[in-house]
Every structure is written in C-alpha cells, then in structure tokens.
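Please take a moment with the sequence and the model before reading on. The paragraphs below then lead through the structure step by step.

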Amino acid sequence: MADGTLPAAAAGRDEPVGDPAHSATWARIGRWAAYVGALGLFTGAVLFLLDSLNVLAPALREPPTGGNADLRVAAHYAAWFGRQHTIWWDIALRDSVGPLGLLSLVVAVVALLCWLRRRDPAAVLLALLFGMGALLSASSDLAYLNLVNYWRFDWSHATTVNMIASGRAVEAIDSITFYPQAAGYLLLALSLCCLWVLAKTEPRLPRWVAWVALLEAAALPLIVLTSIVGPDLVYSVLALLTGVLLGPLLAIGFARTLSPSAAANRGASGAGTHSANQR
C-alpha cells in the first residue's frame, strides 16, 4: 500500500466484508456437498453393517480339519468367495457411495471455512487434515472395490491351484487396505478436534456441531483399535455410531449452518467478533 501498510489478505487474514455473491455461492455449494456427504456416509455404513452382521449372507464356515492341506486351503477360499459372490453388489455399492460421501464432505468443509472467512491455524489444519484423512480412507475403500472383479464370478468349479492363487491375491489386496484406512481415520479424528477448537471462537457454528465432532473424533481411533484387537461386536457398534449417526449428523449440521435462514440469524452475532477471530 502507498502508506506502507499491508492489506488484510497479506497480513494473514481476510477482510471483514466479502462479496455477498461469493458467500452465497460457497453456502450453496457447501449445503449440497454436505447433504451428499451425509447420504453417502449413511448408505455406506448401513451396507457395511448388513455385511458384517451376516444379514445378507451367513457367516463363513471353515472346512473340516484333516486331509490334504492344499484342499483345505482351497475349500476355505471357495467358501469365502462363495459368500462374497452373493453380496458383491453390496460391496460394490458401499465402496462407491462411501468414498463419494467422504470427498463430498471435503468440499463441504472447504465451503464452510470460505463462508466463515476463517484463515487461522485451526481452520487451515481442519481443511488440511480432513482432506488428507478423507482421501486416504476413500482410497482404501476404492482399493477394496477392486475385489469385486473376483467376487462377482462363480468360483464353484475352480481348480485347487487357481482357487489358492486367487485367494492369496485377494488376501494381499485386502491386507493393504487396512493401513490407509487406519491412517485416514486418525487424521479425520485430528481434523475434528480442530473443528471443535474452531467452534469455540466461532459464534456462527452451533455448539452441538462442535460436540458431535468431538464425539466422532473420540470414536474413530477406537474403530482402528477394535479392528486390530476386537471384539467384532464392539467394532460393529462403533461403525454404527460413527457411520450411521454421528457422521451424517455432523454433515447435516454443516448444511444447516450454511442454510439461508441460519446464515441470516447468525450473521449479526458473528459480525461483532469476526475481526478478532481472524487474528
């Protein structure tokens, strides 16, 4: 500037007053993305629970012990592939809408922060960690989706050699999906802690959204832990809590925050503290 002062953007914060048209556009984008995210998370979690609780297909039964070892291994894989063959549509659908829901929530988070005009550390870390966590989790689901190429075919007449080779290949793909998903869940938990910190200084964010985010942040590491040590029932309960209840509820909270009526009601309360929050 001519007088030697820096503009607000160069000083690390946005100007208090932005273009109303841009704010309305971000609010509209964020609302739609949040609703898509809520639907994707809810649908993916329900389909996963139908599988894990053996609602769509009976639990896998191990072949009897004794006899040739190769035949036992082949029988195990044949039984596993046979079960997955009956529910391949469930796997294909949940591992498609789940990543769509996660990536839609990334758009919703970015739109929310742009609408709030927040650039402080909590906001930047929220966007960064949430984006990285969602991308890792979505990539894990999409990698698992590749297994549908095996399970949508009937393997009842496969030879022992082919059955064992295919089973080992599927197990290898299945095993490498765990660590990206675990890392993604932990990053998402950290990002939701940033959201809770952000909400403490942002009057335009409802307090209940902050508490839902904190509960989700506490549950996600527990999902990672129970996926390693069990028990499976606790894992299923946590999946129900995070995927069917807390996750969609948080997304709906984003959408309601960005709704025209809520924005108008909170506009006056947020204006007085906006400049201080940018520092």
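## A walk through the chain

Asn54 has a relative accessible area of 34%, and because partly exposed residues fall between the cut-offs of 20% and 50%, Asn54 belongs to that class. This value, like everything that follows, comes from a predicted model. Asn54 sits in the loop that joins α1 and α2, and its phi is near 60°, a positive value in a residue that is not glycine. A second residue of this kind is Arg117, which also has a positive phi of about 60° without being a glycine. Arg117 belongs to the loop between α3 and α4, and with a relative accessible area of 19% it counts as buried, because the cut-off for that class is under 20%.

These loops connect parts of a chain whose elements comprise 11 helices and 0 strands. Read from the N terminus, the order of elements is therefore an unbroken series of α, written α-α-α-α-α-α-α-α-α-α-α. The chain has 279 residues, of which 44% count as buried.

On the surface, Leu53, Val55, Leu56, Trp88 and Trp89 make up a nonpolar patch, and together these residues have about 460 Å² of accessible area. One of them, Trp88, lies in helix α3, which covers residues 88-116. Trp88 has a relative accessibility of 33% and so counts as partly exposed.

Helix α3 also holds a pair of charged residues, Asp90 and Arg94, which are 4 residues apart, or about one turn of the helix. Their side chains meet in a salt bridge, with a distance of 2.9 Å from N to O. Are these two residues buried or exposed? Asp90 has a relative accessibility of 0% and so counts as buried, and Arg94, at 8%, counts as buried as well. The pair is also part of a wider arrangement, since a network of salt bridges links Asp51, Arg83, Asp90 and Arg94.

In the whole model, the count of salt bridges comes to 7. Among them is the one between Arg118 and Asp120, whose closest N and O atoms are 2.8 Å apart, and both Arg118 and Asp120 are buried. Another joins Arg204 to Glu202, again with the closest N and O atoms at 2.8 Å. Arg204 counts as buried because its relative accessibility is 11%, and Glu202 is likewise buried, with a relative accessible area of 2%.

The last stop is the largest pocket, which has a volume of about 1600 Å³. Its lining is made of 47 residues, and those closest to its centre are Phe48, Arg94, Gln181, Tyr185 and Tyr235. Arg94, already met in the salt bridge with Asp90, is thus one of the residues closest to the centre of this pocket. Which elements give two or more residues to the lining? They are α1 (20-52), α2 (69-86), α3, α4 (121-145), α6 (160-176), α7 (178-200), α8 (207-229) and α9 (232-257). The most comes from α9, which gives 9 residues. By character, the lining of the largest pocket divides into 21 nonpolar, 17 polar and 9 charged residues.

Note on methods:
Residues numbered from 1 in each chain as written. Predicted model: local features only at pLDDT ≥ 70, side-chain atom pairs only at ≥ 80, totals over all residues. Heavy atoms only, no water. Patch = residues over 30% accessible without salt bridge, like charges linked within 9 Å, V, L, I, M, F, W, Y side chains within 5 Å. Areas by Shrake-Rupley, 256 points an atom, 1.4 Å probe, with all protein chains shown as cover. Salt bridge = Lys/Arg side-chain N within 4 Å of Asp/Glu carboxyl O. Buried < 20%, exposed > 50% of the residue type's maximum accessible area, 1.4 Å probe, protein only. 1 Å grid on protein atoms, 1.4 Å probe; cavity = no way out; pocket = protein on both sides within 12 Å on 5 of 7 lines; lining within 4 Å. Points joined across faces, edges and corners; volume = space filled by probe spheres on them. Nonpolar A, V, L, I, M, F, W, Y, C, P; charged D, E, K, R; others polar.
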